[in-house]
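Visitor: Before we look at the structure together, could you explain for each term you use what earns it that name?
Guide: Gladly; let us take the terms one after another.

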Amino acid sequence: MKLLLDSSSSLLFSLLLAHLPVFTSASPVPPRRPTDMDKLSNQTKNLMKLTQELLREHAFDSDVEPHRFRSLPEMSNRSANDLTNLELKPTLSQLHADLKLYEHHFEWLNRVSKKHHHPALPKLVEMIREMKSLSNLLHRQMLRVEAPRLTQATPSLPPHLPFQFDVLQSTHELLQHFKLFCDWAYRAFLILKPKVTAVQ
């Protein structure tokens, strides 16, 4: 009887061991590395946040004279419905061309702001740095999917701004316009992500 009990106990112990999950030997699942499209959407979101902070910090009470900048990308004709029909290569190319245009405009604003000691200057420098980083990352993604680089348009910049009031107005208009671009570009990158995965 004792031998039978010992055998049964050993068998039960072996079965328990066999079904016990080996947690200690299991290696944790490594976190998913962000793709370039993830980085593009995240950097665009950060740029939009910077833009919104500048708009809050330097709120402009009076009406801003529109259309100081005649060579900015046209945003009024881009709707939410357009996002559903985006094509990968043309959209990446256009976003890159648009971003380079904004970069030229903000570099101009930075130079003008230095002359008038504009208080927004430190964050303008940060914005330009982030724009260049985003532009380089976007160009790298374009190369991967063989999207063409569009011919760079020559920006039409306002004439010399004699007063700080003019600089404030120009800053506000440019930031408002760029905020719309960032919002649209962020959504576009999210929608284009599966299309990039499909061609790589």
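Visitor: What makes the contact of Glu-53 and Lys-123 a salt bridge?
Guide: In this predicted model, the side chains of Glu-53 and Lys-123 meet with an N to O distance of 3.1 Å; the term asks for a side-chain nitrogen of Lys or Arg within 4 Å of a carboxyl oxygen of Asp or Glu, and therefore the pair qualifies as a salt bridge. Glu-53 belongs to helix 2 and Lys-123 to helix 5, so this salt bridge ties together parts that are 70 residues apart in sequence.

Visitor: How many salt bridges does the structure hold, and what lets such side chains pair?
Guide: There are nine salt bridges in the structure. Side chains of opposite charge can pair when their charged atoms come close.

Visitor: How do you know that Asp-38 and Lys-193 form a salt bridge, and which helices do they lie in?
Guide: Their closest N and O atoms are 2.8 Å apart, which satisfies the limit of within 4 Å, so the name applies. Asp-38 lies in helix 2 (residues 36–57) and Lys-193 in helix 6 (residues 164–199), so the pair ties together parts that are 155 residues apart in sequence.

Visitor: Why is Asp-38 called buried, and what is Lys-193 called?
Guide: Asp-38 has a relative accessible area of 11%, and because buried means under 20%, Asp-38 is buried. Lys-193 has 25% relative accessibility, a value that lies between 20% and 50%, so Lys-193 counts as partly exposed.

Visitor: What makes Asp-183 and Arg-187 partly exposed, and how are they placed in helix 6?
Guide: Asp-183 has 28% relative accessibility and Arg-187 has 42%; both values fall between 20% and 50%, so each residue counts as partly exposed. Both residues lie in helix 6, four residues apart, which is about one turn of the helix, and they form a salt bridge whose closest N and O atoms are 3.2 Å apart.

Visitor: Which residues are linked in a network of salt bridges?
Guide: The network links Lys-100, Glu-103, Glu-107 and Lys-132.

Visitor: Why is helix 4 called roughly antiparallel to helix 5?
Guide: The axes of helix 4 (residues 88–116) and helix 5 (residues 121–145) come within 9 Å and cross at roughly 160°; because angles over 145 degrees count as roughly antiparallel, helix 4 is roughly antiparallel to helix 5. The crossing of the two helices is left-handed, and their contact has 17 nonpolar, seven polar and six charged residues.

Conventions. Residues are numbered from 1 along each chain as its sequence is written. This is a predicted model: local features need pLDDT of at least 70, side-chain atom pairs count only at pLDDT 80 or more; totals for chains, interfaces and linings use all residues. Side-chain values use heavy atoms; hydrogens and water are left out. Axes are lines fitted to C-alpha atoms, for helices over the stretch in contact, and angles run from 0 to 180 degrees between N-to-C directions. Angles under 35 degrees count as roughly parallel, over 145 as roughly antiparallel, 65 to 115 as roughly perpendicular and the rest as oblique. A crossing is left-handed if the near helix is turned anticlockwise from the far one by less than a right angle, and right-handed if clockwise. Ala, Val, Leu, Ile, Met, Phe, Trp, Tyr, Cys and Pro count as nonpolar, Asp, Glu, Lys and Arg as charged, and the others, Gly among them, as polar. Buried means under 20% relative accessible area, exposed over 50%, partly exposed in between (1.4 Å probe, protein chains only).
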